[in-house]
Amino acid sequence: MAADNSFITNLKENFRRGDIVTRLLYINIGVFLVVTLVNIVLTLFNQPAGFWTNYLEFPAWWERFIRQPWSLFTYMFMHAGILHILFNMLWLYWFGRLFLQFFSAKHLRGLYVLGGIVGGLMYMLAYNLFPYFAGAVYSSYLLGASASVLAIVIAVGVREPNYPIQLMFVGTVKLKQVAIFMLLLDLLFMTSGNAGGHIAHLGGALAGWWFAAGLQKGHDATKWINNILDFLSGSWKPVSRKPKMKVHYSDKQKDYDFNARKKERTEEIDRILDKLRKSGYGSLTDAEKKSLFDASKK
């Protein structure tokens with residue numbers, strides 16, 4: 001029992017201390033394990049396993065989506081099998097670490113969600129728009145982190161297109177080559193057995209490009225998502241209004257000017273007094289006499 005508590009405590013501590021990539025890996029793997037265990041228990045009791053997960057997966061049919069809007073978020077943490085989650089998590093780990101070399105942890109968190117949202121919406125749009133999917137629209141569901149992961153891949157590719165990476169069995173390639181290959185692959189397989197997944201990938205890629213290209217122009221497409229996530233987690237704080245720089249600068253300028261004028265008057269009086277000691281009162285000009293008279297009244 002103590003060993004179990006120690007194991008859980010270590011997991012919690014690793015999650016708390018880990019960066020955003022580690023936390024996303026933990027969440028995805030944790031959800032996968034819980035869903036798998038629940039389905040095993042249901043199977044042991046001869047209950048239909050997997051049916052309940054449809055409420056966490058993203059439906060292609062828009063009327064079903066209206067009844068479960070949360071699925072636009074939850075689907076990006078769901079996976080269909082061990083190989084599905086394995087490859088998604090490997091890509092998330094590799095390109096997530098690379099992403100953090102050029103962007104912030106908040107950007108990665110926001111882009112993961114943004115990529116999933118755009119990928120899901122493009123998936124729904126395609127299934128309801130093209131007649132090819134008419135027979136499958138009512139029974140199709142989307143799940144997996146691949147749209148979110150591809151958004152991260154494309155964002156890094158846009159930011160550093162010529163960055164070299166080493167691929168097994170291939171050698172050194174540039175990031176833009178990886179991005180182009182992934183996009184072509186998804187375009188070519190849009191009508192395959194996993195058509196919905198490839199369409200969602202294209203949506204994720206669009207989100208990655210939108211984020212990286214916009215950030216270069218000063219627009220952060222993930223800001224609204226991060227504000228919502230911060231609010232829900234309790235870490236959001238309202239931006240305090242600072243005093244206008246103009247007023248603040250004006251006060252400092254007044255103090256500076258006053259001190260400068262005071263210093264000049266003091267130096268002028270010291271010069272007149274020095275002249276008075278050396279040459280007498282008669283050597284002073286009318287202006288110097290007036291200055292000395294005015295200073296004596298203060």
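This tour visits two individual residues and one helix pair in a predicted model.

**First stop: Asn39**

Select Asn39, which is found in helix α2, spanning residues 20–44. Its relative accessibility is 17%, so Asn39 counts as buried, the cut-off for that class being under 20%. Now display the side chain of Trp52: it makes a polar contact with the side chain of Asn39 at 2.8 Å. To complete the surroundings, add Ala49, Gly50 and Thr53, which Asn39 touches along with Trp52 when residues up to four places away in sequence are not counted.

**Second stop: Phe95**

Move next to helix α5, residues 82–99, and select Phe95 within that helix. Phe95 counts as buried because its relative accessibility is 6%. Leaving aside neighbours within four places in sequence, show the residues in contact with Phe95: Ile152, Val153, Val156, Ile165, Leu175 and Val178. A distance label between the C-alpha atoms of Phe95 and Leu150 should read 9.1 Å, although 55 residues separate the two in sequence.

**Third stop: helices α8 and α9**

Finally, select residues 175–188 for helix α8 and residues 195–216 for helix α9; the two pack at an angle of about 145 degrees, and their axes lie 8 Å apart. The crossing of α8 past α9 is left-handed. For the side of α8 in this contact, display Leu183, Leu185, Asp186 and Leu187; these meet His198, His201, Leu202 and Ala205 of α9. Colouring the residues of this contact by class gives five nonpolar, two polar and one charged.

Methods: Residues numbered from 1 in each chain as written. Predicted model: local features only at pLDDT ≥ 70, side-chain atom pairs only at ≥ 80, totals over all residues. Heavy atoms only, no water. Helix = DSSP H or I, 4+ residues; strand = E, 2+ residues; numbered from the N terminus. Buried < 20%, exposed > 50% of the residue type's maximum accessible area, 1.4 Å probe, protein only. Polar contact = N/O pair within 3.5 Å; in protein donor to acceptor, adjacent residues only side chain to side chain. Contact = heavy atoms within 4.5 Å. Axes fitted to C-alpha atoms, helices over the stretch in contact; angles between N-to-C directions. Left-handed = near helix turned anticlockwise from the far one by under 90°. Nonpolar A, V, L, I, M, F, W, Y, C, P; charged D, E, K, R; others polar.
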